[in-house]
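Here are my notes on this model, set out as numbered points. Please read them with the structure open.

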Amino acid sequence: MNRTTGQTLTVHATVRVGDVLEIDTRPGRKRVELLPGGTGPGVNTWPAVGSAAMWPLVGGPDLIEVSAAVASPSSSIELIYTPRYLGH
């Protein structure tokens, strides 16, 4: 959930220890893949997306909240943001 805008994205998938759920929101590349064991080839997980709204980050700070129905102390989340610039 983007707490700044109230927008949500829900994925109904089982992510096991060592798996990676990769959500790519870049324009033209929007995809959701499950990487068993953390590496490719990825499995298209788009059908597991409960809400197809892929939202961009807004300018300035975005407060992002991630939750899981079941998590363990070894669960981890990594958010990678690459700024994109238009123009010079």
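1. Start with the pair Glu-65 and Arg-3. Their side chains meet in a salt bridge, with N to O at 2.6 Å. This pair links distant parts of the chain. Glu-65 sits in the segment after β3, Arg-3 in the segment before β1, and their positions lie 62 residues apart in the count along the chain: they are 62 residues apart. Bear in mind that the model is predicted.

2. How exposed are the two partners? Glu-65 has 35% relative accessibility, so it counts as partly exposed. Arg-3 counts as partly exposed too, at 48%. The buried class would need a value under 20%, and the exposed class one over 50%.

3. The count of salt bridges comes to four. As background, side chains of opposite charge can pair when their charged atoms come close. Beyond the Glu-65 and Arg-3 pair, look at the network that links Glu-22, Asp-24, Arg-31 and Glu-33 through salt bridges.

4. Within that network, take Arg-31. Arg-31 bridges to Glu-22, with the closest N and O atoms 2.6 Å apart. Arg-31 also forms a salt bridge with Asp-24, and here the closest N and O atoms are 3.9 Å apart. The cut-off for a salt bridge is 4 Å, so please check the Asp-24 contact by eye in the model.

5. Which members of the network are buried, and which are partly exposed? Arg-31 has a relative accessible area of 22%, so it is partly exposed. Glu-22 is partly exposed at 29%. Asp-24 is buried, because its relative accessible area is 8%.

6. Now the sheet. Three strands form an open sheet in the order β1-β2-β3, with antiparallel pairing. β1 (20-24) and β3 (43-44) stand at the edges. Each has a single partner strand, so one side of each is left without a neighbour in the sheet. In general, strands of a sheet pair through backbone hydrogen bonds.

7. How many bridges join β1 to β2? Five do, and β2 covers residues 31-35. For register, Val-20 stands opposite Leu-35 in β2. The two strands form a hairpin with six residues between them. Gly-28 lies in the turn and has a positive phi of about 80°.

8. On the other side of the sheet order, two bridges join β2 to β3. These strands also run antiparallel. Leu-34 stands opposite Val-43 in β3.

9. Asn-2 deserves a look. Asn-2 is found in the segment before β1. Its relative accessibility is 0%, so Asn-2 counts as buried. A polar atom of the Asn-2 side chain lies 2.8 Å from the backbone nitrogen of Thr-4.

10. What does Asn-2 touch, leaving aside residues up to four places away in sequence? The contacts are Gln-7, Trp-55, Pro-56, Leu-57, Asp-62, Leu-63 and Ile-64.

11. Last, Thr-82. Thr-82 is placed in the segment after β3. At 45% relative accessibility, Thr-82 counts as partly exposed. Thr-82 and Arg-26 are 56 residues apart along the chain, and their C-alpha atoms are separated by 9.6 Å.

Technical notes
Residues numbered from 1 in each chain as written. Predicted model: local features only at pLDDT ≥ 70, side-chain atom pairs only at ≥ 80, totals over all residues. Heavy atoms only, no water. Pairing = 2+ DSSP bridges. Helix = DSSP H or I, 4+ residues; strand = E, 2+ residues; numbered from the N terminus. Buried < 20%, exposed > 50% of the residue type's maximum accessible area, 1.4 Å probe, protein only. Polar contact = N/O pair within 3.5 Å; in protein donor to acceptor, adjacent residues only side chain to side chain. Contact = heavy atoms within 4.5 Å.
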